[in-house]
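Reader: I'm new to this one and keep tripping over the labels. Could you walk me through the terms?

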Amino acid sequence: MKISIAMATFNGAKYLQEQLDSILKQELQPDELVVSDDCSTDDTLNILRDFSLKAPFKVIIKENTENLGYGGNFNRALLMTSGDLVFLSDQDDVWFPEKIKVVTETAANDTRNLVFMNDTEIVRENLQGTGLTSLKQIASIRASESKFVLGCSAAIKREFLNFALPIPESCRGHDSWLIGLATGLDRRRIIRQPLQLYRRHDRTTSNALIGRTRKASMVRSLSAPLCFRANKDLTKQLEIYLTLLEEMATLSKRNFSQTSIAGFDDDLRRLVLSKTEEAEIIKTRIFIRKSQWISRVINGWKAYRAGIYYHERFNGFRSFLADIKN
């Protein structure tokens, strides 16, 4: 099995060397590292070039001529890979020596699943441990593991990339697209062993509750909808997510003749149907949030009684409160 690593970089010089060094220490080495750099102005490219001279595997560095953003940058890196199994790598984490070996062996022996995700140890900027992992944070707030959408912990089979790429330009996050698809198709497998350090710092792209350096709790989760700061951008987030769902709902129109995965057609039909239904629910929430206060309360209560807030993507009464509080 040929192994690729797809890395996206942008002004990552402060932490990049530690991640590259952890790749060098892998018990099972990759065949190639493909890096897409999004117009870095620091020492990122020099670090990458120096690394390419000493790496025992092929290193491909692509310098973007214009800024593509987080998702677009990963999309470019992924499109340049050639491996049968492609690992996604951020520029600021640290992988455990056994990561590639454990995930590759798991994927090689699993004929059904297409995306593989390992748990991560959450650490502070200086790599100081917190005693937390991503999956522990999810369990602490009793959330669905569908919320475990962490691209840096994912490895993806080529057959799935042939279907899923390119990532639509409207999708800001590559992980929301790729992991969301795999989860919707029921083709994702979670490896519960932590296989990397997930570094959190002031420039970290994601600020999800389950990735924070203090233990997530039901109390903080319950109070989040009542916090203006946490709630003020929710309408925009729902609109972005609606675009993602609408993109997923059109997937049946894609040409996936290269995909010869058993049962994939049936899985795709179920995915398209579920995402179309979910999109209608999101539209209802957006309508409620944009209504006047009295209408928000009345329509929100009707929606709550109809059960839409208990969809697996939402948080029941907490989501209802977030909408009427808007």
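Author: Here is a short round of questions and answers on this structure. It is a predicted model, where local features need pLDDT of at least 70, side-chain atom pairs count only at pLDDT 80 or more, and totals for chains, interfaces and linings use all residues. Residues are numbered from 1 along each chain as its sequence is written, and side-chain values use heavy atoms, with hydrogens and water left out.

Reader: Why is Cys-152 called buried?

Author: Buried means under 20% relative accessible area, exposed means over 50%, and partly exposed is in between (1.4 Å probe, protein chains only). Cys-152 has 2% relative accessibility, so it counts as buried.

Reader: And what makes Cys-39 partly exposed?

Author: Its relative accessible area is 28%, so Cys-39 falls in between the two cut-offs.

Reader: How many disulfides does the structure hold?

Author: Zero. To count, a pair of cysteine sulfur atoms must lie within 2.5 Å.

Reader: Why are Phe-51 and Phe-57 called a tilted pair?

Author: Rings of Phe, Tyr and Trp (its six-membered ring) pair if their centres lie within 6.5 Å; planes under 30 degrees apart are stacked, over 60 edge-to-face, and the rest tilted. For Phe-51 and Phe-57 the centres are 6.0 Å apart and the planes at 55 degrees, so they pair, and the pair is tilted. Both residues are buried, too.

Reader: What about Phe-87 and Trp-95?

Author: Tilted again: 6.0 Å centre to centre, with 50 degrees between the planes. Phe-87 is buried at 1% relative accessible area, and Trp-95 is buried at 3%. The whole structure has 13 aromatic pairs.

Reader: How do you know that Lys-99 sits over the ring of Trp-95?

Author: The rule asks for NZ of Lys or CZ of Arg within 6 Å of the ring centre and within 35 degrees of the ring normal. The charged end of Lys-99 is 4.8 Å from the centre of the Trp-95 ring. Arg-285 lies over the face of Phe-314, at 4.7 Å from the ring centre.

Reader: What makes something a nonpolar core?

Author: A core is a set of buried Ala, Val, Leu, Ile, Met, Phe, Trp, Tyr and Cys residues joined through side-chain atoms within 4.5 Å. The largest one here has 60 residues, and those touching the most other members are Leu-78, Phe-160, Trp-177, Leu-178 and Leu-181. Apart from it lies another core of 27 residues, including Leu-45 and Phe-116.
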